[in-house]
Amino acid sequence: MPATAYDAAAFAEGLRRHGLVVPSGVRGVIGRSAVFEGVVTAFDAAVRRLARDDGAEEVHFPPTLPRALVERTGYMESFPQLAGAVHSFFGSELEARALCACIHAGEPWSDRLGMTDVMLTPAVCYPVYPTFAGTLPHEGRLATSLGWVFRHEPSDEPTRLQSFRMREYIRAGTPDQVVAWRNDWLERALGLLRALELPVRSDIANDPFFGKGGRMLAVNQREQQLKFEVLVPVISEEAPTAICSFNWHQDKFATVFGIHAADGAIANTACLGFGLERIAMALFQAHGFDPAQWPAAVRDVLWP
Ligand code: AMP
Ligand code: ZN
């Protein structure tokens, strides 16, 4: 039984009323209950069981990354509207007093801060690419990471967060290797999500590239089928929510970070990301706000 009639406000209210989500007062920044986290953890474990024999190297990063890395990848050209740069205070005691006076007077104070060397991680795969630098083995490389990402897209939609987690798998190799890997994973992910009785479908997609130039990039991305998403109705049946994405970057990251295939040619990379909060929310919408009442077949996949 769907939890709501695919209604954003009713779904947000349901999550809150059942204590699954704790609003923070800022749109898209939420706390989560133990039950919500239990679903996230169980789903992530199911993904990892699926990938067990792939031999992915596991790597963990904090939710910040070097600003230089973001600058080098061209993220600010493509997505300046989503980025989060960390600023801090570098001034004297006198300037600190002026800063606080500003804050207490309700005046803007950002011009009293300076840029630090770090930014908030925009996607879990970003800090992984530099670790692939050099010449890859014949079979290429595969890594996995779970982490927090930031996207400046404040919204009242309960599924659109500013801080959320992704489980990503990141592949580097020849173009044939990474495309075959991505296409296999799309089918694998659909299989897992269907076993969880989610009404999913996949579709060609594009990233929200900034500005007029960005429209061209989005058209090109679709024409070349560089991005697929798995979609499921959560807050709307007409506009289903993307719960995971499958991206082929061609040689974009490999060129920036000097990643070469075994034959010396510039490598290709691909990544896939499961949006963990969105998947938990899709499960709550599909099966109700109490996981103890979910269908036995679904519970068996999550809690074997
Ligand atoms: P992307 O890197 O944009 O393809 O995002 C990877 C996955 O993260 C998507 O398939 C979503 O499941 C999830 N995601 C993206 N943006 C958001 C957001 N604003 N709030 C929650 N989840 C998101
Ligand atoms: Zn990625």
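# A guided tour: salt bridges, a zinc site and a pocket

A search of the whole structure, which is a predicted model, finds 15 salt bridges. The tour visits several of them, then turns to a metal site and a pocket.

**Stop one: helix 1.** Please select Arg 17 and Glu 13. These two residues form a salt bridge, and their closest N and O atoms are 3.9 Å apart. Both belong to helix 1, where 4 residues, about one turn of the helix, separate them. Colouring by accessibility distinguishes the partners: Arg 17 counts as exposed because its relative accessibility is 54%, and exposed means over 50%. Glu 13 is partly exposed, with a relative accessible area of 34%.

**Stop two: Arg 165 and Glu 37.** Next, select Arg 165 together with Glu 37. Their side chains meet in a salt bridge, at 2.8 Å from N to O. This pair links distant parts of the chain: Arg 165 is found in strand 9 (residues 163-173) and Glu 37 in helix 2 (residues 34-50), 128 residues apart. Are these partners buried or exposed? Arg 165 has a relative accessibility of 7% and counts as buried. Glu 37, at 19%, also counts as buried, because the cut-off is under 20%.

Now add Arg 32 and Glu 277 to the selection. Together with Glu 37 and Arg 165, these residues are linked in a network of salt bridges.

**Stop three: Asp 54 and Arg 188.** Select Asp 54 and Arg 188, which form a salt bridge with their closest N and O atoms 2.7 Å apart. Asp 54 sits in the loop between helix 2 and strand 3 (57-58), whereas Arg 188 sits in helix 6 (residues 175-195), so the pair ties together parts that are 134 residues apart in sequence. Asp 54 is partly exposed, at 29% relative accessible area. Arg 188 is likewise partly exposed, at 27%.

**Stop four: the zinc ion.** Select ligand 2, a zinc ion, and display its protein donors. Which atoms are they? Cys 125 and Cys 271 each provide SG, and Glu 168 appears twice through OE, with the donors lying 2.2 to 2.8 Å from the ion. Along the sequence, the donor residues follow the spacing C-x42-E-x102-C. The two cysteines come from distant parts of the chain, 146 residues apart: Cys 125 from the loop between strand 6 (114-120) and strand 7 (134-135), and Cys 271 from strand 14 (residues 268-275).

The angles at the zinc ion (ligand 2) also merit inspection. Among its 4 donor atoms they run from 50 to 140°. Four donors count as tetrahedral if all angles lie between 85 and 135 degrees, and the site of this ion is irregular. Ideal angles for four tetrahedral donors are 109.5 degrees.

Accessibility completes this stop. Cys 125 is buried, with a relative accessible area of 2%, and Cys 271 counts as buried at 4%.

**Stop five: the second largest pocket.** Finally, select Ala 12, Pro 23, Ile 30, Asp 156 and Pro 158. Of the 20 residues that line the second largest pocket, these lie nearest its centre. The space in this pocket is about 300 Å³.

Which elements supply the lining? Helix 1 (8-17) and strand 1 (21-23) each contribute at least two residues. Helix 1 gives the most, with 4 residues; this is also the helix that holds Arg 17 and Glu 13. Colouring the lining by class shows 10 nonpolar, 4 polar and 6 charged residues.

How values were computed. Residues numbered from 1 in each chain as written. Chains lettered and ligands numbered in written order. Predicted model: local features only at pLDDT ≥ 70, side-chain atom pairs only at ≥ 80, totals over all residues. Heavy atoms only, no water. 1 Å grid on protein atoms, 1.4 Å probe; cavity = no way out; pocket = protein on both sides within 12 Å on 5 of 7 lines; lining within 4 Å. Points joined across faces, edges and corners; volume = space filled by probe spheres on them. Nonpolar A, V, L, I, M, F, W, Y, C, P; charged D, E, K, R; others polar. Donors = N, O, S within 2.8 Å, 3.2 Å for Na, K, Ca; no water. Tetrahedral: all angles 85-135°; square planar, octahedral: opposite > 155°, others 65-115°. Buried < 20%, exposed > 50% of the residue type's maximum accessible area, 1.4 Å probe, protein only. Salt bridge = Lys/Arg side-chain N within 4 Å of Asp/Glu carboxyl O.
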